[in-house]
Amino acid sequence: MDLRDKIVGARSLMAGRSMYFSPWSPGEPERFADPMVPPGASMTRYTGTPFQSLVMAPLGMLPFGAARLPWLLLQYALLVLAVVLARRAFDGADGRGALLAGAVLVALLASASWRLHVERGQVYVVFAALIAGLFWSLTKARHLLSGGLAAALVLFKPTYAFLLLPLVLRLNARMLMGAALMIGASAAAFAVVPNGMNAWREYLEAMRIWSTMPGLGAPPSSDPGAFTYPAVIEGLANLREHHAMEFENGSVAAVLLAVAGRSLPAWLPWAAYGAVIIGGLLLLRRSATAASPGQLLLLGFMAWSVLMMLLPTPRFDYQLVHWVAPVLLLLNRQRRPFIVDALLILAGGLVVGAWSILPVDILLAEGLLLLVCAWALSDAGRYSETPAAS
């Protein structure tokens, strides 16, 4: 269960304990034990940022058994919030937004991707809600909020900076102020938390080490027989039990390695990222001067998605929830050609499991959605970010 390491990480941060390099050992409080970490490992499973632990600290104050239900409910609440924000950002004058938003919500709830997200207790729905909020705030010209949301995304996961990069073309003083306020508030909190600032240095070191071990879900152990975890931890005897990971790893690099036995060149993901950015700006009428912030954010989302697909790291399909806001943007485009609707229907069918074409259905669906995104940018002359009807 992925929620356990996040709860333990939050507890460790608040206790001044290393979230990354202090796995539990016998004699320590059970609240810091994660039985999915092999005995004798020198690292924990936690790979989130200290900011993520800070945000989840209130959940870490609860016994683990009591924390699971609030997090389950919060996942659904954040998903609905993401859909509502996206609907309000993109709903046109014809009022189709509510129907389209409902269709997207039903499709995602019916998918194995969302079931895996909920079963694992994942956090990607938090990022999806932030991205939807960013689209909404940019559409409504709430620049202070946009800056704060953008900073929060990067504090949650630094790789989101690549998603935000095209927005530099629309950067203004209020966005910078919003980002500065978010970063300042975060720094003030970490200054109060024991060992809080050092947590960021440890995070960078931990990520450097994890980058040398792509594909591993748990740190290696130098002494697997060092000890045995208690059979019952925090009153629960099932912390090692979870649904089998029968779902795909939607990484192009992983697929190529499995099929052809060879890895992608290290420079290729970054070259592809740059190519998408440059190509997207060309599709925006060869000039970004007239591009809206929403278009630039969509371009950043496309480039970031391609980058993540090509990096040699596991990419399980519970990350599909990232697409909530971009998909609603695409669906609310008017006067779509038939081929675009066909691609959207095919992508939706792959998401809900209507067809089993390959063991990479979600990766195929994302590829189709990227094609539709490219069409949306090329059709930018008729793009409209109409404020939603109340």
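**Exercise 1. A patch on the surface**

Which residues make the nonpolar surface patch of about 370 Å²?

*Solution.* Before starting, note that this is a predicted model, in which local features need pLDDT of at least 70 and side-chain atom pairs count only at pLDDT 80 or more, while totals for chains, interfaces and linings use all residues. Residues are numbered from 1 along each chain as its sequence is written, and side-chain values use heavy atoms, with hydrogens and water left out.

Step 1: The patch is made by Leu-165, Val-168, Leu-171 and Leu-176. Patches consist of residues with over 30% relative accessible area and no salt bridge, where nonpolar side chains (Val, Leu, Ile, Met, Phe, Trp, Tyr) are joined within 5 Å and like charges within 9 Å. The accessible areas come from the Shrake-Rupley method with a 1.4 Å probe, and for residues only the protein chains shown count as cover.

Step 2: Leu-176 lies in helix H10, which covers residues 173-192; helices are DSSP runs (H or I, at least four residues) numbered from the N terminus. Because its relative accessibility is 49%, Leu-176 counts as partly exposed, a class that lies between buried (under 20% relative accessible area) and exposed (over 50%), with a 1.4 Å probe and protein chains only.

Step 3: Ala-179 is also placed in helix H10, but it counts as buried because its relative accessibility is 18%. Ala-179 and His-143 are 36 residues apart in sequence, and their C-alpha atoms are 9.9 Å apart in space.

**Exercise 2. Classifying aromatic pairs**

Are the rings of Trp-24 and Tyr-229 stacked or edge-to-face?

*Solution.* Step 1: A pair of aromatic rings is described by the distance of the centres and the angle of the planes. Rings of Phe, Tyr and Trp (its six-membered ring) pair if their centres lie within 6.5 Å, and planes under 30 degrees apart count as stacked, over 60 as edge-to-face and the rest as tilted.

Step 2: By this rule the count comes to 20 aromatic pairs. The rings of Trp-24 and Tyr-229 have their centres 5.5 Å apart and their planes at 20°, so this pair is stacked. The pair links distant parts of the chain, 205 residues apart, with Trp-24 in the loop between helix H1 (2-14) and helix H2 (50-55), and Tyr-229 in the loop between helix H11 (196-210) and helix H12 (252-260). Trp-24 counts as buried at 6% relative accessibility, and Tyr-229 counts as buried at 7%.

Step 3: For Phe-51 and Phe-156 the ring centres are 4.9 Å apart and the planes stand at 80°, so the pair is edge-to-face. Phe-51 lies in helix H2 and Phe-156 in helix H8 (residues 143-156), so the pair ties together parts that are 105 residues apart in sequence. Phe-51 is buried at 7% relative accessibility, and Phe-156 is buried with a relative accessible area of 8%.

Step 4: Phe-51 and Phe-156 also belong to one aromatic cluster, whose members include Tyr-124, Phe-127 and Trp-304.

**Exercise 3. Salt bridges**

How many salt bridges does a search of the whole structure find?

*Solution.* Step 1: Side chains of opposite charge can pair when their charged atoms come close. A salt bridge is a side-chain nitrogen of Lys or Arg within 4 Å of a carboxyl oxygen of Asp or Glu, and the search finds 11 salt bridges.

Step 2: The side chains of Arg-11 and Glu-234 meet in one of them, at 2.7 Å from N to O. This pair links distant parts of the chain, 223 residues apart, since Arg-11 is in helix H1 and Glu-234 in the loop between H11 and H12. Arg-11 is buried, with a relative accessible area of 3%, whereas Glu-234 is partly exposed, with 23%.

Step 3: Arg-45 and Asp-34 form another salt bridge, at 2.8 Å from N to O. Both Arg-45 and Asp-34 lie in the loop between H1 and H2, so the pair ties together parts that are 11 residues apart in sequence. Arg-45 counts as buried at 10% relative accessibility, and Asp-34 is buried with a relative accessible area of 6%.

Technical notes: Helix = DSSP H or I, 4+ residues; strand = E, 2+ residues; numbered from the N terminus.
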